[in-house]
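The following exercises concern a predicted model. Please read each task, consult the sequence and the structure, and then compare your reasoning with the worked solution.

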Amino acid sequence: MASKDIKVSNHIPNDLAFSILSKLPIVSIKRFSCVHKSWALLFQNPNFLSAVGKNFISQYNSFYDDTCLMLKRTQGYDNRCVFDMLSGERFENRVRLDLPLPFQDDDTCIQILGSSINGIICLYQEGDHSKIVLWKPTAKEFTIIPSDNVNYLPYSTTLTKTHGFGYDSVSDDYKVIRHATLFERDTDSRSRNYLEGYRLYISKSVGKFWEIYSMRSNSWRKLDIDMPLRINESVVVYMNGMCHWWGIKVGKEYVVSFDLSNDVFLTTPTPLDMCDNSNLGMVERHLVVLNMSISLISNYAMNTTFHISVLGQLGVRESWTKLFIVGPLLGVEHPIGVGKRGNIFFRKENYKLAYLDLSTEIIEEIGIQGESHFCQIVIYKS
Amino acid sequence: MAQEASSSTSSKTISLKTGDGEIFEIEASAAKQMKTVQRLIDDLGDDITIPLHNVFSKELPKIIEYYKKDITGEITKDFEAEFVKDLNDDEVKVLFLAANYLDANKLFEFLSQNIADRLESKSVEYVRKYFGVENDFTPEEESKLREERAWSFRGIKEDE
């Protein structure tokens, strides 16, 4: 360890090493655990990881330049939707958006799928997911994606669930992924009085498959693939040619990552450190993108302490790295989206919307109320 | 902090003497950014040559160059990139340690980020040598850990 350089010691003391190591990316930190036992220990220290987290979210990424936020809120018992564009350092600039034509007569239960890609937002309606619209609010343009499909059998009804909207740079094409379940159409006249959805649940499923829509061909193509299904209306994200969603298969939960250029998918099981616990309750998970990395915000049900883990490498369960434990956060309900610089937006118990700045761990209200539970915030870049 | 008895701070220069005996001039406002230097000025006065035993003639001019730009508010990403462009990893390390000794926070933070960027894709062996740290894992412990972290070794040349 003694240096040949008589003027300056070769050795970097631990406190100085901390300053360098906390600025490394997660994959490097995991590898350098092998350098020395004290390093392996340091890398598990919550203070160190918090410093890593703060450096990680403040890393500059040009993607976030010139972005604003799109906020969707639902109002009233029938969940009618309003959309606003928020901009400015404290989100003080608000512009109400007019819904695209297909939704003007029926503006209930609209969901945003993913976030914006080249200024385009994908919207669909909860329930049957059959109306999918690609919307460019800044140009007031929209495209309706055809919902019928030659793959469907003539004597069946289909229930579809959208799973992703993304851009394939290899074929320069916008794509939408969805899963379809076919049911026998009940020909009994009495059952036509029941709600369509209820009828389907008691009908027999005669087929299930995944399909992908290509804007270039304006058609749906069947995929020979078996992926975990999206959990309810959980968040879907798009990043760098891949769609990611929170999925479940045989009772196990995964982040599913689908590559739009080659129809290949990866699954990453949940981090091992938090599981459903009889004392602490079920774990709620929210999939988000923090500074261009897939991340999970987890909390035990009814608990407002949030554990934030970033995925070091897609497909590798061991690479989940918990960088932040924040809370308990007073009066906060659940995350509704993420802005830039790792700002996490929440709805509070008093209906007010607020964001948590991860670098300061301070919560700030933005002066907007979200009436119903179903608020969404996504990053919008035109 | 000692009050300046004479004219405005910005026009006053301080003399700094390195560990290898060379003398460099720095503006008092730049000296303020190096807390160690400022403390010595407070103790010894600003008229005498301040001795810096642990900083040498190779590093000090570079540090002075950085803070000259800092006091005119001209530090940009381009300047910082240019500043370290021709330095090898060891030269940056020496500068980093000097910035620490001088308690020059802005330069210290910048250089620690630069070192992190340089080490990001390096091997475990390289990092051990760089930090002057000896491996204290047994061969069995190390291979077990490497196996657990195999995914983090992908694409890394181990002998570099």
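**Exercise 1.** With the side chain of which residue does the side chain of Ser57(B) make a polar contact?

*Solution.* Step 1: locate the residue. Ser57(B) is found in chain B, in the loop between β3 (50–52) and α3 (60–71).

Step 2: identify the partner. The side chain of Ser57(B) makes a polar contact of 2.6 Å with the side chain of Asp20(B).

Step 3: consider the surroundings. When neighbours within four places in sequence are left aside, Ser57(B) is in contact with Thr18(B), Asp20(B), Glu22(B) and Phe24(B). Asp20(B), the polar partner, is thus also one of these contacts.

**Exercise 2.** Determine whether Ser57(B) is buried or exposed, and do likewise for Ser15(B) and Ser143(B).

*Solution.* Step 1: recall the cut-offs. A residue is buried under 20% relative accessible area, exposed over 50%, and partly exposed in between.

Step 2: apply them to Ser57(B). Its relative accessible area is 18%, so Ser57(B) is buried.

Step 3: apply them to Ser15(B). This residue also has a value of 18%, and Ser15(B) is therefore buried.

Step 4: apply them to Ser143(B). The relative accessibility is 41%, so Ser143(B) counts as partly exposed. Ser143(B) lies in helix α8 of chain B, residues 139–148.

**Exercise 3.** Describe where Ser15(B) is placed and which residues it is in contact with.

*Solution.* Step 1: Ser15(B) belongs to strand β1 of chain B, which covers residues 13–18.

Step 2: a polar contact of 2.9 Å joins its side chain to that of Glu25(B).

Step 3: apart from neighbours within four places in sequence, the contacts of Ser15(B) are Ile23(B), Phe24(B), Glu25(B), Ile48(B), Thr49(B) and Ile50(B).

**Exercise 4.** Examine the backbone of chain A at Pro328(A), Asn79(A) and Asp263(A).

*Solution.* Step 1: the peptide bond that leads from Gly327(A) to Pro328(A) is cis, and its omega is near 5 degrees. Pro328(A) is in the loop between β20 (320–326) and β21 (332–338).

Step 2: Asn79(A) is a residue other than glycine with a positive phi, near 55 degrees. The loop between β1 (68–75) and β2 (80–87) holds Asn79(A). With a relative accessible area of 17%, Asn79(A) is buried.

Step 3: Asp263(A), likewise not a glycine, has a positive phi near 60 degrees. Asp263(A) is found in the loop between β15 (252–259) and β16 (264–269).

**Exercise 5.** Characterise chain A as a whole, beginning with how many helices and strands it has.

*Solution.* Step 1: chain A has 5 helices and 25 strands. The radius of gyration of chain A is 23 Å, close to the 21 Å given by the globule rule for 382 residues, so the chain is as compact as a globular protein of that length.

Step 2: along the principal axes, the C-alpha atoms of chain A fill a box of roughly 90 × 50 × 45 Å.

Step 3: of the 382 residues in chain A, 52% are buried. The chain exposes about 18,100 Å², of which carbon and sulfur atoms supply 51%.

Step 4: among contacts in chain A between residues at least 6 apart in sequence, 51% join residues at least 24 apart.

Step 5: chain A carries 40 positive and 41 negative charges, and the mean positions of the two sets are 4 Å apart.

Terms used:
Residues are numbered from 1 along each chain as its sequence is written. Chains are lettered from A and ligands numbered from 1 in the order in which they are written. This is a predicted model: local features need pLDDT of at least 70, side-chain atom pairs count only at pLDDT 80 or more; totals for chains, interfaces and linings use all residues. Side-chain values use heavy atoms; hydrogens and water are left out. Helices (H or I, at least four residues) and strands (E, at least two) are DSSP runs, numbered from the N terminus. The radius of gyration is taken over C-alpha atoms; the globule rule is 2.2 Å times the number of residues to the power 0.38. Buried means under 20% relative accessible area, exposed over 50%, partly exposed in between (1.4 Å probe, protein chains only). Contact means heavy atoms within 4.5 Å. Accessible areas come from the Shrake-Rupley method with a 1.4 Å probe; for residues, only the protein chains shown count as cover. Lys and Arg count as positive and Asp and Glu as negative; His and the chain ends are not counted. The place of a charge is taken as NZ of Lys, CZ of Arg, CG of Asp or CD of Glu. A polar contact is a pair of N or O atoms within 3.5 Å; within protein, one must be able to donate a hydrogen and the other to accept it, and residues adjacent in sequence count only if both atoms are side-chain atoms.
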